[in-house]
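Student: Could you walk me through this model? I'd like to start with what you mean by your terms.

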Amino acid sequence: MESTVRLDRRSLGLTIRVVTPLLLIHGAAGTHRIWDPVVRRFSGAQAVHLPGHSAGTTLKSVEAYADWLLARTSGPSVLVGYAMGGSIAMEASLRAPERVKALVLVNSGARIRVLQKLFQA
């Protein structure tokens, strides 16, 4: 007979201190606000606000977003990407592997189809 112990972070009120910065990258149809619950629980986590997603000029490709991300970050980070954000994280890690400590991909893959109209302003 198996027994399972379930711990719910909310009920325990835990906040997890992050030693390596977590950069949270949203998907094509979202904004940085999707990461609010994660940012509240992981001190030191930062949700990236991609240009063109509620403000600014939309970039034309995943590669362009990876370049944009790398131009605004330094040092090793854990990149956490949801959907297109995962593609951006993978591209950034290929371009500058020394600046990526780890990748966490959520609902993403090496090749992901993004509607081209989402890249248009």
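Tutor: Let me begin with burial: a residue is called buried under 20% relative accessible area, exposed over 50%, and partly exposed in between, using a 1.4 Å probe and protein chains only. As to the source, this is a predicted model, in which local features need pLDDT of at least 70 and side-chain atom pairs count only at pLDDT 80 or more, while totals for chains, interfaces and linings use all residues. Residues are numbered from 1 along each chain as its sequence is written, and side-chain values use heavy atoms, with hydrogens and water left out.

Student: OK, so is Gly81 buried or exposed?

Tutor: Gly81 is buried, because its relative accessible area is 0%. Gly81 sits in strand 3, where strands (E, at least two residues) and helices (H or I, at least four) are DSSP runs numbered from the N terminus.

Student: What does Gly81 touch?

Tutor: Counting a contact as heavy atoms within 4.5 Å, and setting aside residues up to four places away in sequence, Gly81 touches Ile25, Trp35, Gly86, Val104, Leu105 and Val106. The C-alpha atoms of Gly81 and Leu24 are 6.0 Å apart in space, although 57 residues separate the two in sequence.

Student: Which strand does strand 3 pair with?

Tutor: Strand 3 pairs with strand 4 (residues 100-106) in the parallel sense, over 6 bridges; two strands are said to pair if DSSP finds at least two bridges between them. Within this pairing, Tyr82 stands opposite Val106 in strand 4.

Student: And which helix joins those two in a β-α-β unit?

Tutor: Helix 4 (residues 84-95) makes a right-handed β-α-β unit with strand 3 and strand 4. Right-handed here means that, with the strands pointing away from the viewer, the path from the first strand over the helix to the second runs clockwise.

Student: What about the segment after strand 4?

Tutor: Asn107 is found there, and Asn107 counts as exposed because its relative accessibility is 58%. The C-alpha atoms of Asn107 and Tyr82 are separated by 5.9 Å, with their positions 25 residues apart along the chain.

Student: Back to strand 3: where is Ser77, and what does it touch?

Tutor: Ser77 belongs to strand 3, which covers residues 77-82, and counts as buried because its relative accessibility is 5%. Beyond residues up to four places away in sequence, its contacts are Thr20, Pro21, Leu23, Arg99, Val100, Lys101 and Ala102.

Student: How many cavities are there?

Tutor: There is 1 cavity of 30 Å³ or more, where a cavity is a set of points on a 1 Å grid over the protein atoms alone at which a 1.4 Å probe fits but cannot get out, and its lining residues have an atom within 4 Å of a point. About 40 Å³ of space lies in the largest cavity, the volume being the space filled by probe spheres set on the points, which are joined across faces, edges and corners. Ser77 is among the lining residues, as are Leu23, Leu79, Arg99 and Val100.

Student: New topic: how many helices and strands in the whole protein?

Tutor: The protein has 4 helices and 4 strands, which follow the pattern α-β-α-β-α-β-α-β along the sequence. Of its 121 residues, 37% count as buried.

Key: 1 Å grid on protein atoms, 1.4 Å probe; cavity = no way out; pocket = protein on both sides within 12 Å on 5 of 7 lines; lining within 4 Å.
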